[in-house]
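Biologist: I would like a close look at one part of this model, the metal site. Please take it slowly and keep to what the coordinates support.

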Amino acid sequence: MLRIEHLGIAVKDLAASIPLFEQLLNTPCYKTETVESEGVNTAFFNIGESKVELLEATKEGSPIEKFISKKGEGIHHLAFEVENIEAEMKRLAALGFELLNEAPKKGADNKLVCFLHPKTTNGMLVELCQEIR
Ligand code: ZN
């Protein structure tokens with residue numbers, strides 16, 4: 001793993017949370033992006049070598065909507081940047097970590113991503129991500 005790429009935070013109202021995080025982090029939101037396949041609107045902030053990603057559900061029944069109705073707003077996942085996502089997925093699957101997708105999928109911010117089930121990572125939803133080059 002190369003670094004913590006970003007921390008994903010589930011929010012109810014992205015339009016309200018963007019100015020809040022701009023004040024908190026003292027940096028402007030540099031990108032918003034909708035990932036229709038995941039039912040999510042995202043907003044990104046640079047913070048040193050890492051980023052903060054805000055996530056808002058676009059529809060009933062999407063993963064973020066379910067997360068917020070169960071746990072409320074807050075930290076949703078931790079994303080690690082990897083050099084080679086397929087090799088890393090193979091390595092972790094062989095060690096018994098449960099992958100939530102069998103092949104890398106297209107995520108926000110020009111990334112290939114794969115999630116690990118929280119039940120095999122001490123309750124933390126972990127995202128692996130690799131920049132699409
Ligand atoms: Zn993420």
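Is Glu127, one of the zinc donors, buried or exposed?

Modeller: Glu127 is buried (under 20% relative accessible area, 1.4 Å probe, protein chains only), because its relative accessible area is 5%. This is a predicted model, in which local features need pLDDT of at least 70 and side-chain atom pairs pLDDT 80 or more, while totals for chains, interfaces and linings use all residues. Residues are numbered from 1 along each chain, and side-chain values use heavy atoms, without hydrogens or water.

Glu127 binds the zinc ion through OE, as does Glu53, while His6 and His77 bind through NE2. These protein donors (N, O or S atoms within 2.8 Å of the metal) lie 2.1 to 2.2 Å from the ion. Along the chain they are spaced H-x46-E-x23-H-x49-E. Glu127 sits in strand β8 (residues 126-131) and His77 in strand β5 (residues 74-81), so this pair ties together parts 50 residues apart in sequence. Strands here are DSSP E runs of at least two residues. His77 is also buried, with a relative accessible area of 1%.

The 4 donor atoms subtend angles of 83 to 174° at the zinc ion, which makes the arrangement irregular. Irregular means neither tetrahedral (all angles between 85 and 135 degrees) nor square planar (opposite donors over 155 degrees apart, all others between 65 and 115). Water is not among the atoms, so a site may look incomplete.

Conventions: Donors are N, O and S atoms within 2.8 Å of the metal (3.2 Å for Na, K and Ca); water is not among the atoms, so sites may look incomplete. Four donors count as tetrahedral if all angles lie between 85 and 135 degrees; four count as square planar and six as octahedral if opposite donors are over 155 degrees apart and all others between 65 and 115; anything else is irregular. Helices (H or I, at least four residues) and strands (E, at least two) are DSSP runs, numbered from the N terminus. Buried means under 20% relative accessible area, exposed over 50%, partly exposed in between (1.4 Å probe, protein chains only).
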